[in-house]
Amino acid sequence: MTDVTSRTKPLRISFLAFVEHSGVSGAHSDGLREGFRLFERAEALGYDAGWVRTRHLEPYLSAPLPFLSAVSQRTQRLRLGTSVVPIRYENPVRLAEDAATTDLIAEGRLELGLSSGYAHNEALFGPLYGPIDRDFTDEVDARLRQFLDAVRGGTLAVADARTGFAPEGTPLTVQPVSPTLSDRISYGAGRLASAVRTGDLGLGLQLSTLNTEITDLSFEDSQARTITAYRQAHREATGRDGYVSVGRMILPVLREADREAYAWLIERSEQRQRAHGTPEAPPLHFGIAHSGSPESITAALSRDAGLQAADELVVVLPFGHDPAVSHRILETVIGEVTPALGMHAA
């Protein structure tokens with residue numbers, strides 16, 4: 001197997017963060033300000049992109065586009081992404097309006113990642129975000145297609161005699177349209193079939209530290225197979241290879257304090273690996289948390305088939321830690337891990 005260091009095309013280096021809704025007092029949020037500082041520091045270090053998780057009804061960022069609009073005014077080069085917006089809970093036309101506006105504010109730096117939503121929690125979330133009268137998967141597909149049509153400037157309605165702001169017969173589209181945003185839309189997929197569908201739609205592909213199906217392959221080899229199938233579908237649909245990002249949790253240990261800070265994450269990862277394939281384990285396949293010295297992490301990542309097949313390494317940052325931990329991870333990865341993989345800061 002060819003390793004990462006022998007790639008002819010460089011990997012883009014990015015990170016994925018939880019932004020917490022913590023320390024809210026009056027009109028002030030410590031969590032949002034820490035998020036701003038994290039993105040500013042990442043740009044200074046040379047990262048290519050920063051992604052934020054989207055969570056509803058949890059103490060984490062639920063409205064990523066206003067946050068990224070604000071970040072865009074504090075950065076100059078860093079690409080700004082969502083990982084991922086669950087489209088089941090969005091009005092597709094309003095999302096297209098918000099996304100285009102955010103992209104124009106950011107001067108073309110938005111990377112819009114989408115996903116389906118929480119099918120297993122539909123009974124909880126459905127009544128809050130609007131009930132549906134068809135199958136969850138069918139609803140997601142309909143909303144995704146309407147969003148893509150809207151964001152690409154498709155005709156959504158035709159003015160009639162009562163419209164007032166446009167002559168009768170005028171095709172009406174989302175305003176504004178950001179001309180290149182549709183080339184920067186991706187979809188998070190945990191199954192091979194979802195990845196193929198993503199390729200069919202001509203979207204980018206996001207793969208995380210979790211596969212939602214079990215195969216007889218290792219986690220990394222399973223993702224490599226998924227990427228191959230996605231690229232084939234994308235080529236057949238568009239004539240292009242598509243774009244793939246893969247997430248990896250990286251926990252460099254440089255001092256005893258690091259080992260203590262990451263202890264529960266490392267133990268959770270080891271428990272998941274031990275449970276994998278046993279009857280009591282959930283039907284999910286988790287990637288490992290790469291912990292240890294930068295040299296040992298580099299060695300493991302250099303053999304990673306999924307990473308070798310991808311276009312972007314996303315450093316998945318932990319949640320529930322002091323912000324200094326995330327800063328230290330970003331500094332160590334960009335300083336000691338990625339250069340050894342042949343990846344260099346922008």
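The crossing of helices H6 and H7 is right-handed in this predicted model. H6 spans residues 192-200 and H7 spans residues 219-238, and the two pack at an angle of about 25° with their axes 7 Å apart. Since angles under 35 degrees count as roughly parallel, H6 and H7 are therefore roughly parallel to each other. On the H6 side the contact is made by Leu 192, Ala 195, Val 196, Thr 198, Gly 199 and Asp 200, while H7 contributes Arg 225, Thr 226, Ala 229, Tyr 230, Ala 233, His 234 and Ala 237. Sorted by class, this contact of H6 with H7 holds seven nonpolar, four polar and two charged residues.

A second helix pair is formed by H1, residues 30-45, and H2, residues 64-72, which pack at an angle of about 50° with their axes 10 Å apart. H1 and H2 are therefore oblique to each other, and their crossing is right-handed. Here the contact is made by Leu 32, Gly 35, Phe 36 and Phe 39 of H1, together with Phe 67, Leu 68, Ala 70 and Val 71 of H2. By class, the contact of H1 with H2 has seven nonpolar residues and one polar residue, with no charged residues.

The packing values of the two pairs are set out below.

| Helix pair | Packing angle | Axis separation |
|---|---|---|
| H6 and H7 | about 25° | 7 Å |
| H1 and H2 | about 50° | 10 Å |

Terms used:
Residues numbered from 1 in each chain as written. Predicted model: local features only at pLDDT ≥ 70, side-chain atom pairs only at ≥ 80, totals over all residues. Heavy atoms only, no water. Axes fitted to C-alpha atoms, helices over the stretch in contact; angles between N-to-C directions. Helix = DSSP H or I, 4+ residues; strand = E, 2+ residues; numbered from the N terminus. Parallel < 35°, antiparallel > 145°, perpendicular 65-115°, else oblique. Left-handed = near helix turned anticlockwise from the far one by under 90°. Contact = heavy atoms within 4.5 Å. Nonpolar A, V, L, I, M, F, W, Y, C, P; charged D, E, K, R; others polar.
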